[in-house]
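Please open the model in your viewer and keep the selection box at hand, since this tour moves from one selection to the next and says what can be found at each stop.

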Amino acid sequence: MLRALPIPQMLPARAGLVGDAVRALDAAAPLFLTGDRGSGVTTFGTRLLGLRRDQGRTIHRLTGSPALQRVPFAALAAFAAQVPGLRGVALSPAALMGRVAELASAAPRTLFLDRAEHLDAASAAAIVQLCELELCEVIVGFSDHGALPEDLQRLSFEHGAVTVRLAALTLADTLVLLEDLCGTPFEMSSAQRLTELAGGNPLLVRELALEAHADDAIERHRGYLSVASAWKAQSHRVSQLLARRLEAQPAGLREAVELTAVLGELPREIAAHILSVEQVEGALAERLLSSVRHDGAGPGTLVLGAGLAPETVVSMLGKPALAAAIGTLRERVPAELLTPNMRVQLATHSRNVGIALPLAQLVADAHAAALLRQFDAVIALTAGLNDPAALVDPAAAAVLRMYRSEAFLETGSPKAALRVLEPLLAAGDRDALLFASFIEFSGLGRPDLMQRRLGDAEALARSEAVPEYSALRTILSARAGEHVTLATLRQHASDERLTHSLRLSVSAQLVAERSYLGAPADGIAEYRRLRAGALWRESPPSQRGELLHTLLIAILSDGDAEEAYLPLFAGIDWDQLALDHTTYLAATSMQRIERGEAAAAAELLAQSAALVSQRDPHLLAGFVGALDAVAAVMLGDLPRARAGYDQFLAGSVTSGQVARREARRLGLAALQALEGDDAAGAELARLLAEADARGHRLTRMRLLHEAWRLRLVVAAGAGTAGVGTAGVGSAGVGSAGVGTAGARASGTEAPATPCAAAEARLADELSLAAAGVQGPFAATLRRYGAAFGAGRFGLGGGERTPSCGVAGEQAPGEHVGEDTRAGIAEGTPDEAAGEAAGEQPRRSVGPPGQPLSPEAQHSALDAIIAEHVAAGRLLYAAEAAARGAEHAKARGERGRAAALLERCAAVAAPLVGVHTPSLRRVPIDASQLSEREYEVCLRAAAGRTNAEIADELFVSQRTVEGHLQRAYGKLGVADRRMLLPPR
């Protein structure tokens, strides 16, 4: 698995530094490279040497050695040994200098002084003279400027010398480094973990990866490597490297590093209690510590320097040294100065070395760890539930059991979580009953067990006037896809008897439900109100994460450009939230799919699959499988699509929870590709019926748009229905797929074929559905009737009319008021404008009995394409252009059709390899073509002109055109822009 290369690939964050370094050398400036030990100075300097050699320069490399540092001219002698004509010649230092200068003047030379702190002073002085005489360009690599020989220190400030500092690794750097080492990509979560353990040090990242490999902790899933979640870094080699770095330091500086590592970080206020000023300044000077300001103000906080990470430093300490450090901190630091994270670190280390904690302190520390989502720490802290000390206080023991149960659930062990609760459940503990029902829903994916337990618990709650059970039942029922009214959610969200965390969970569901009902802008306004209030501030990170997940649904539903929503995330402490990596990757991939970036989505989903194969505490495997199937279908990988869709079907019915209906909607594309139009049409009808039963206007609109994109309509009498429910239109199941009485009775001239008529009615139905939905996306979809419909149901821009209420709710309109829309950017909590709007655009129709003019249809289509592009929905824009070209060609508008195909090709260019039924791009299939047709198509798809193809194949342009036309007929395309490279 592991491989070794002489020079690793260039790390992304350092690519720009190479250009800076080369420009300095070209300007005859001395170049100084610096970074902490193991930061890659040697590799970077070696790469520069290779570049200078490629430019025709003679290169040399010297590495300083502590053993030879006191031997005068030792390094100069090593340099001379690399120069032909001087090797083995005995000369005095002066004569040697003269001969080196003479040879250097004859050919340009580059000298890399690695570990220059350990060069002898005499050689350094001689090399500096060569540099100052411009007889040799010099690259100086070092870690400690103060330890450089005096002449090199002077040179670093003279002659325009340039210093390039190599910073700690970024995540992108680690991904490249690990792939270079292992020959296979790493998933991001594992790469981030190794980066943090190594303190951003490349050498330590490599050593940790080697250790994980030796421990059989590196696993391969779906083409990505990952580090097993249970693996702990205990590398003897890493400990040796750290010990070597620290052993040369005075005891006071080592103490500063150890105490900082035990707490994780050291605010200056705490440092003043345990470290002297000299210790702090010395550690900063040696870059063992660095000072950061988390909030941009205040005295700052001390953290470990690059290449040092708390976990690896602590693992280097033996138990006696760690216990001594803990004792020092407990004795000297006032408890009120410790942050929750510091308390957790100190408590966990105390348990690991066998130091008993008072029960009250143990409860407080476990509580802090749970809030910080440090669930491994919670499990460690609560391991002694059967200890005599815990049994003395049953109430404290019950609290510890609840924390331990939550930790097991969050780390993927729901059955263990239930076992921990058994004594409490047997005693009828209300909180345990509540949490057990949550475990059965979220951890086991068993809504039936959840409902049964909640039923028993709620009966108990009614007798004791406890509202939590009803609130939790409402949340979980909504997540399971059952119908829950906004009024019920509002009632629970405002119930001050509930905890802040439970109220925020209800409010998160309220944001999602508002979106699905057709009011995503109102959902965003609700989020802004919550962010500004006490529920957000006083709720734990897990509930804040729930709110952010539902915000994503509102953002995707609203449909503005990404930058419009950036202010919504301002001020969020992402480190504190500690969002689940799989959830983050899956959510990001869903965004990519919506934008047509299937290849990027497939990569993220492969990493998600690698994570859930190890641990899946939130039962996301099915949700990930559905999204993966969709991305695979878009890329033409049907075997992968089948595997993903089967994973979705086999997954929990709660997988994805609040976003599950989005996965089902997107999954229509996979079902169509795998099972055909009949199966997809039947599922579409079920989803539409569910949406109509719940009043989910947004879901209905999105489903109709999906049907339009996938061409899920068939001619009347074909024996099936692409779309057909009573809620869709009067055509109903078994007729034309989609129909409206208004469309048929309008007097509009129907398209030429039954299938075309069904597609037109579907476009009209989509426009009508979008009329009851807020947001820029819905505003664009309202134009589809004008561009693609039968001519009477395209809804235009400025005029507005009151909306029709449904199920007792005021129907939201697209226009939510300038204050509400501007409030997204300003971050002001103003829900009133969105609540009060209730307006829709008026239907823009032609005179009675008259279809829209061609000019109006063209204008609507142009607006659709432009609006999709502006919002980043390139796939939808390209699909609209492609379908518009078909309509134009059918109407005999050949020039318009060609222009739309041009737009389609230009818009879809970034969507590499993507195919959808509307886009009609087709992979070049050699089995359907002659050898010559295949060769011509390959070149045409690559962008070559007919003339260029003719020249390459030694045929005439007319012959090329003939091959292309025959190939187009066989492949079912009309233009070279619809050709994709072979799969």
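Begin by selecting Glu513 together with Val484, Leu486, Leu489 and His696, which are the residues that Glu513 touches once those up to four places away in sequence are left aside. The model is a predicted one, and in it Glu513 sits in helix H26, which covers residues 500-516. Is Glu513 buried or exposed? Its relative accessible area is 4%, and because the limit for a buried residue is under 20%, Glu513 counts as buried. If you add His483 to the selection, you can check that its C-alpha atom and that of Glu513 are separated by 9.7 Å, although the two residues are 30 places apart along the chain.

Next, select His492, which has its place in helix H25, residues 486-493. With a relative accessibility of 8%, His492 is also classed as buried. To show its surroundings, add Ser470, Ala471, Thr474, Leu498, Arg503 and Val506, which His492 touches when residues up to four places away in sequence are not counted.

Now move to a pair of helices, H11 (residues 251-263) and H15 (residues 319-332), whose axes come within 10 Å and cross at roughly 80°. H11 is therefore described as roughly perpendicular to H15. To see the contact itself, display Glu255, Leu259, Val262 and Leu263 on the H11 side, and Leu322, Ala325, Ile326, Thr328, Leu329 and Arg332 on the H15 side. Sorted by class, this contact of H11 with H15 has seven nonpolar, one polar and two charged residues.

The following stops concern enclosed space. How many cavities of 30 Å³ or more does a search of the whole structure find? The search finds three, and the largest of them has a volume of about 60 Å³. Select Ala787, Phe788, Gln857, His858, Leu861, Gly884, His887, Ala888, Arg891, Arg896 and Leu900 to display the lining of this largest cavity. Helices H41 (784-788), H44 (854-870), H45 (874-890) and H46 (894-908) each supply at least two residues of that lining, which by class has five nonpolar, four polar and two charged residues.

While this view is open, centre on Gly884, which belongs to helix H45 and is buried, with a relative accessible area of 4%. Leaving out residues up to four places away in sequence, Gly884 touches Phe788, Leu861 and Leu900. The C-alpha atom of Gly884 is separated by 9.7 Å from that of Gln857, a residue 27 places away along the chain.

For the second largest cavity, with a volume of about 50 Å³, select Arg14, Asp36, Ser39, Leu166, Ala167, Ala168, Gly200, Asn201, Pro202, Ala306 and Gly307, which line it. The lining of this second largest cavity has five nonpolar, four polar and two charged residues.

Finish with two loop residues whose backbone deserves a look. Ala28, in the loop between helix H1 (15-26) and strand E1 (31-34), has a phi near 65°, a positive value in a residue other than glycine. At 48% relative accessibility, Ala28 counts as partly exposed. Leu619 is found in the loop between helix H32 (598-614) and helix H33 (621-634), and its phi, near 55°, is likewise a positive value in a residue other than glycine. Leu619 counts as buried, at 16% relative accessibility.

How values were computed: Residues are numbered from 1 along each chain as its sequence is written. This is a predicted model: local features need pLDDT of at least 70, side-chain atom pairs count only at pLDDT 80 or more; totals for chains, interfaces and linings use all residues. Side-chain values use heavy atoms; hydrogens and water are left out. Helices (H or I, at least four residues) and strands (E, at least two) are DSSP runs, numbered from the N terminus. Buried means under 20% relative accessible area, exposed over 50%, partly exposed in between (1.4 Å probe, protein chains only). Contact means heavy atoms within 4.5 Å. On a 1 Å grid over the protein atoms alone, a cavity is a set of points where a 1.4 Å probe fits but cannot get out, and a pocket is an open set with protein on both sides within 12 Å along at least five of seven lines; lining residues have an atom within 4 Å of a point. Grid points are joined across faces, edges and corners, and a volume is the space filled by probe spheres set on the points. Ala, Val, Leu, Ile, Met, Phe, Trp, Tyr, Cys and Pro count as nonpolar, Asp, Glu, Lys and Arg as charged, and the others, Gly among them, as polar. Axes are lines fitted to C-alpha atoms, for helices over the stretch in contact, and angles run from 0 to 180 degrees between N-to-C directions. Angles under 35 degrees count as roughly parallel, over 145 as roughly antiparallel, 65 to 115 as roughly perpendicular and the rest as oblique.
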